[in-house]
Amino acid sequence: MGREFLEVFEEWASTYDEAVTGHDPQYRDVFEGYDTILNEVAQLARGTVMEFGVGTGNLTEKILAKDLQVIGVEPSEPMRELAKEKLPELALYEGDFLEFPLPDKPVDTIVSTYAFHHLTKEEKNIAIAKFYSLIADGGRVVFADTVYENKQAEEQIKQEAHELGYHELLEDLNREYYPQLEDIRQLFEQNGFHFEAKQRNKFVWLFVAEK
Ligand SMILES: C[S@@+](CC[C@H](N)C(=O)[O-])C[C@H]1O[C@@H](n2cnc3c(N)ncnc32)[C@H](O)[C@@H]1O
């Protein structure tokens with residue numbers, strides 16, 4: 001469940017770390033400030049951390065550098081291999097937002113960057129309910145991902161991609177499940193979280209949901 005875009009990462013894994021530096025004009029704005037965004041997520045992590053969609057381990061590396069324990073979950077085998085090369089000490093498991101090995105005690109922080117949009121709205125709701133039961137009281141979810149501020153912003157961003165001839169980006173925006181801010185807020189709030197979000201670049205918002 002929720003793994004429908006894995007093929008993209010089978011192909012993308014080996015060049016992913018190059019893509020986040022913004023060399024592809026279509027994705028430059030998506031990855032603008034990538035390192036700063038990941039640093040901010042890492043700064044907000046505390047205690048035992050569970051990370052979903054680890055990718056090549058760029059966020060993980062920053063959290064491990066804080067001497068926190070990280071339990072990593074990543075469905076793509078090529079991505080897991082790259083993360084393991086970079087971080088041999090990492091506890092990294094095959095799994096996804098919906099199906100993953102359960103930790104033996106509640107975790108304090110759940111983090112993820114550039115990954116939650118792979119789930120449909122219904123799948124996001126199921127995942128968020130799981131997060132609530134997985135997190136210790138007082139714990140938090142800290143995510144950064146593409147979110148549209150509202151319907152108008154969504155239309156404008158897609159229109160701009162069309163006008164710039166960014167067909168690959170536009171196809172991606174239409175294919176995957178990038179939510180509007182109020183939708184994602186509602187999903188977290190209806191599952192019992194206190195939700196706050198801040199925009200970090202044209203596409204990416206950082207959101208913190210406290211239990
Ligand atoms: C754009 S990459 C982001 C990687 C990393 N978090 C980062 O910020 O650079 C998206 C990652 O999400 C993973 N992914 C795809 N579907 C997923 C799912 N259903 N659950 C968890 N991770 C998923 C992909 O395999 C990929 O590693």
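Here are some short exercises, each with a worked solution, on a predicted model of a protein chain with a ligand.

**Exercise 1. Work out whether the radius of gyration of the protein chain agrees with that of a compact globule.**

Step 1: Begin with the length, which is 211 residues.
Step 2: For that length, a compact globule would have a radius of gyration near 17 Å.
Step 3: The protein chain has 16 Å, which agrees with a compact globule.
Step 4: To round off the picture, add the spans of the C-alpha trace along its principal axes, about 50 × 40 × 30 Å. Of the residues, 54% count as buried. The chain holds nine helices and seven strands. Among contacts between residues at least 6 apart in sequence, 67% join residues at least 24 apart.

**Exercise 2. Find the buried residues of helix α5 and explain on which side of the helix they sit.**

Step 1: Go to residues 77-86, which form α5; M79, R80 and A83 are buried there.
Step 2: These residues cover an arc of only 100° around the axis, so they lie on the same side of α5.
Step 3: Now look for what covers them: the cover includes α1 (6-12), α2 (16-19) and β3 (91-93).
Step 4: Finish at the start of the helix, where a side-chain oxygen of S76 comes to within 3.3 Å of the backbone nitrogen of M79.

**Exercise 3. Describe how the protein surrounds the ligand.**

Step 1: There are 19 residues around the ligand, and those that come nearest are G2, Y16, Y34, E74 and T113.
Step 2: Take the side chains next. A polar side-chain atom of Y34 is 2.5 Å from an oxygen atom of the ligand, and one of T113 is 2.6 Å from an oxygen atom of the ligand.
Step 3: The backbone takes part as well, with an N or O atom of F97 lying 3.1 Å from a nitrogen atom of the ligand.
Step 4: On its own the ligand has 600 Å² of accessible area, and the protein covers 99% of this.

**Exercise 4. Decide whether V49 is buried or exposed, and list its contacts.**

Step 1: Locate V49 in strand β1, residues 49-52.
Step 2: Its relative accessible area is 0%, and buried means under 20%, so V49 is buried.
Step 3: Leave aside the neighbours within four places in sequence; V49 is then in contact with I63, L68, Q69, V70, I71, T109 and V111.
Step 4: For a sense of distance, try P75: V49 and P75 are 26 residues apart in sequence, and their C-alpha atoms are 18 Å apart in space.

**Exercise 5. Set three loop residues, D67, Y114 and D96, side by side and say which are buried and which are exposed.**

Step 1: D67 lies in the loop between α4 (58-64) and β2 (70-73). Although D67 is not a glycine, it has a positive phi of about 65°. With a relative accessible area of 71%, D67 is exposed.
Step 2: Y114 is in the loop between β4 and α6 (121-134). Its phi is also positive, near 55°, and Y114 is a residue other than glycine. Y114 is buried, however, with a relative accessible area of 9%.
Step 3: D96 belongs to the loop between β3 and β4 (107-113). At 7% relative accessibility, D96 counts as buried. Its side chain reaches the backbone nitrogen of L98 at 2.7 Å.
Step 4: Put the results together: D67 is exposed, while Y114 is buried and D96 is buried.

How values were computed: Residues numbered from 1 in each chain as written. Predicted model: local features only at pLDDT ≥ 70, side-chain atom pairs only at ≥ 80, totals over all residues. Heavy atoms only, no water. Buried < 20%, exposed > 50% of the residue type's maximum accessible area, 1.4 Å probe, protein only. Helix = DSSP H or I, 4+ residues; strand = E, 2+ residues; numbered from the N terminus. Arc of directions from axis to C-beta. Contact = heavy atoms within 4.5 Å. Polar contact = N/O pair within 3.5 Å; in protein donor to acceptor, adjacent residues only side chain to side chain. Near = heavy atom within 4 Å. Areas by Shrake-Rupley, 256 points an atom, 1.4 Å probe, with all protein chains shown as cover. Rg over C-alpha atoms; globule rule 2.2 N^0.38 Å.
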